[in-house]
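Please open the model in your viewer and keep the selection tool at hand. The tour below goes from the whole chain to single residues, and each stop says what to select and what is there.

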Amino acid sequence: MELHLFDKIQALERARLKALKHGTVPKGAELIYQHALPGADTPLRELEFASIDFETTGLDFAQDYILSMGGVLMRGAQIDFASGFHCYLKAGDKVKNSSAVINQITPEELYAGISPQQALTELLNKLAGRIVICHAAVIERSFILKLLGLKPNFRLPLIFLDTLLLEKSLLSHSGRTEDLRLAAIRERRGFPPYVCHNAFADSVAAAEVFIAQVKEIFGSKTPTLGPLYQRCA
């Protein structure tokens, strides 16, 4: 794959190759580094995606914790519902009253969960070689880095496409200001209501919104990766 100096995807690819060459791949992230990143002109129909969501105790990445992870895989614009996954993490002692009110996750559910490291390993196995879809991707990206013991500004060779930022870019082009919460976006686009703040349900909800956003952005043109990443990077 030819490397272009000002291509943001290629910058990630150069960093990946450099880490492999110098043996500086972060521990626990080895599988991710084995997969070359696709070029910006790659059609979406040739790519695989993982839409993921985390439920957490809050948004302070230094102090808060992941309570559950969920996701679903996609090929092009096709959601593979059979690939859906969801798990609770062993974090029963981390639950806050404020987060429990929102996501309804109880300590009892978490005491039977899996360890954060096991959850991370299983998640990265699903993300390796795929484009990652999230709503407000800074949340998932930051907590993944925390579990890997990396600094918040570390750039893993993963391409995140953020449905919040994609929607924001579409609204800015039209001069409109709207609610950017996932449920509000779905309502505006005519999607049916869903159970909010469940990691698996949110991942499916984001995947459906992503498909609609791609159609709006590209119209009759062939959707490719670069223009989407440009709106999210």
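Begin by selecting the charged side chains: the protein has 26 positive and 25 negative charges, and their mean positions are 6 Å apart. In this count Lys and Arg are positive and Asp and Glu negative, while His and the chain ends are not counted, and each charge is placed at NZ of Lys, CZ of Arg, CG of Asp or CD of Glu.

Before going further, please note that this is a predicted model, in which local features need pLDDT of at least 70 and side-chain atom pairs count only at pLDDT 80 or more, whereas totals for chains, interfaces and linings use all residues. Residues are numbered from 1 along each chain as its sequence is written, and side-chain values use heavy atoms, with hydrogens and water left out.

Now show the whole chain as a cartoon, where you can look for 10 helices and five strands; these are DSSP runs numbered from the N terminus, with helices (H or I) of at least four residues and strands (E) of at least two. The C-alpha trace spans about 50 × 50 × 35 Å along its principal axes. The radius of gyration is 18 Å, which agrees with the value near 17 Å that a compact globule of 233 residues would have; the radius is taken over C-alpha atoms, and the globule rule is 2.2 Å times the number of residues to the power 0.38.

If you switch on the surface, about 11800 Å² of the protein is exposed, and carbon and sulfur atoms supply 55% of that area. Of the 233 residues, 47% count as buried, where buried means under 20% relative accessible area, exposed over 50% and partly exposed in between, with a 1.4 Å probe and protein chains only.

Next, select the aromatic rings, among which the structure holds two pairs. The rings of Phe49 and Phe210 have centres 5.6 Å apart and planes at 50°, so this pair is tilted; rings of Phe, Tyr and Trp (its six-membered ring) pair if their centres lie within 6.5 Å, with planes under 30 degrees apart counted as stacked, over 60 as edge-to-face and the rest as tilted. Phe49 lies in strand β1 (residues 48-56) and Phe210 in helix α9 (residues 199-218), so that the pair links parts of the chain 161 residues apart. Both Phe49 and Phe210 are buried.

For the other pair, select Phe61 and Phe143, whose ring centres are 5.1 Å apart and whose planes stand at 80°, so the pair is edge-to-face. Here Phe61, at 26% relative accessibility, counts as partly exposed, whereas Phe143, at 1%, counts as buried.

Return to Phe210 and add Thr163, a residue of helix α7 (residues 163-174), which is buried with a relative accessible area of 1%. Beyond its neighbours within four places in sequence, Thr163 is in contact (heavy atoms within 4.5 Å) with residues including Ile133, His135, Val209 and Phe210.

Select Ala136 next, in the loop between β4 (131-134) and α6, where phi is near 65°, a positive value in a residue other than glycine. Most residues other than glycine have a negative phi.

Finally, go to Tyr88 in strand β3 (residues 78-88), which counts as partly exposed at 26% relative accessibility. Which residues does Tyr88 touch, not counting those up to four places away in sequence? They are Leu67, Ser68, Ile105, Glu109, Leu110, Gly113 and Ile114.

How values were computed: Accessible areas come from the Shrake-Rupley method with a 1.4 Å probe; for residues, only the protein chains shown count as cover.
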